[in-house]
Amino acid sequence: MTVARKTIGERLAQLEAQRKTLQIRLSKQERAIDTRRKVLLGALVLHRLENDRDVQFAGGIAEWLRRELPKFLTRDGDRDLFDDLLKPQANEPTIGNIGSGSAV
């Protein structure tokens, strides 16, 4: 019984398919890491806005976000997600009440 050997072309095609599979896996892994970093960074910023007793620091972040977010967010749905930061309500942190205990 003889085993048919793959041609060089067939082996190259198989290796190329494996390379593509690995490249897809790597891309997914990189996207997952990028998303995790963004979530953690966002959580830190929100935590500092809500809990920081340093009014100047937290107020600076809030002011910076109000200035930069409208330029960064291009879709209305995205802007709606940050409505509380862009237009704070009475019980929401503002530059004047961040860290003073009046913010939730």
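How exposed is Arg-48, in terms of relative accessibility? Arg-48 has 30% relative accessibility and therefore counts as partly exposed, and I would like to use this residue as the way into the structure, which, I should say at the outset, is a predicted model.

Let me give the overall picture before coming back to Arg-48. The protein has four helices and zero strands, so that what we meet, reading from the N terminus on, is the order α-α-α-α. There are 104 residues in the protein, and buried ones make up 15% of them. The accessible surface amounts to about 8600 Å², with carbon and sulfur atoms accounting for 58% of that area. As for how the chain meets itself, if we take the contacts between residues at least 6 apart in sequence, 41% of them join residues that are at least 24 apart.

Now, back to Arg-48, which is found in helix α1, the element that covers residues 8-51. If we set aside its neighbours within four places in sequence, Arg-48 is in contact with Phe-57, Ala-58 and Ile-61. With Ile-61, which is 13 residues away along the chain, the separation between C-alpha atoms is 8.5 Å. Helix α2 takes in residues 55-72, and we will return to that helix in a moment.

Arg-48 also has a charged partner. Side chains of opposite charge can pair when their charged atoms come close. Here, Arg-48 forms a salt bridge with Asp-52, and the closest N and O atoms of the two are 2.5 Å apart. The partners sit in unlike surroundings: Asp-52 has a relative accessible area of 9% and is therefore buried, while Arg-48, at 30%, is partly exposed.

In the whole model the count of salt bridges comes to seven, and I will take two further examples, each of them within a helix.

The first is in helix α2, where the side chains of Lys-71 and Glu-68 meet in a salt bridge with an N to O distance of 3.4 Å. Because Lys-71 and Glu-68 are three residues apart in this helix, about one helical turn separates them. Lys-71 counts as exposed, at 59% relative accessibility, whereas Glu-68, with a relative accessible area of 28%, is partly exposed.

The second is in helix α3, residues 76-81, where Arg-79 and Asp-76 likewise lie three residues apart, about one turn of the helix. Their side chains meet in a salt bridge at 3.1 Å, again from N to O. In this pair Asp-76 is exposed, with a relative accessible area of 57%, and Arg-79 is partly exposed, at 30% relative accessibility. Returning to the earlier pair, I would add that Arg-67, Glu-68 and Lys-71 are joined into one network by salt bridges that share partners.

Finally, which residues gather in a patch of negative charge on the surface? They are Glu-50, Asp-80, Asp-83 and Asp-84. Membership of such a patch calls for over 30% relative accessible area and no salt bridge. Asp-83, to take one of the four, has 38% relative accessibility, and therefore counts as partly exposed. Asp-83 belongs to helix α4, which runs over residues 83-86.

To close where we began, Arg-48 lies in helix α1, contacts Phe-57, Ala-58 and Ile-61 beyond its sequence neighbours, and pairs with Asp-52 in a salt bridge.

Technical notes
Residues are numbered from 1 along each chain as its sequence is written. This is a predicted model: local features need pLDDT of at least 70, side-chain atom pairs count only at pLDDT 80 or more; totals for chains, interfaces and linings use all residues. Side-chain values use heavy atoms; hydrogens and water are left out. Patches are made of residues with over 30% relative accessible area and no salt bridge: like charges are joined within 9 Å, nonpolar side chains (Val, Leu, Ile, Met, Phe, Trp, Tyr) within 5 Å. Accessible areas come from the Shrake-Rupley method with a 1.4 Å probe; for residues, only the protein chains shown count as cover. A salt bridge is a side-chain nitrogen of Lys or Arg within 4 Å of a carboxyl oxygen of Asp or Glu. Lys and Arg count as positive and Asp and Glu as negative; His and the chain ends are not counted. The place of a charge is taken as NZ of Lys, CZ of Arg, CG of Asp or CD of Glu. Helices (H or I, at least four residues) and strands (E, at least two) are DSSP runs, numbered from the N terminus. Buried means under 20% relative accessible area, exposed over 50%, partly exposed in between (1.4 Å probe, protein chains only). Contact means heavy atoms within 4.5 Å.
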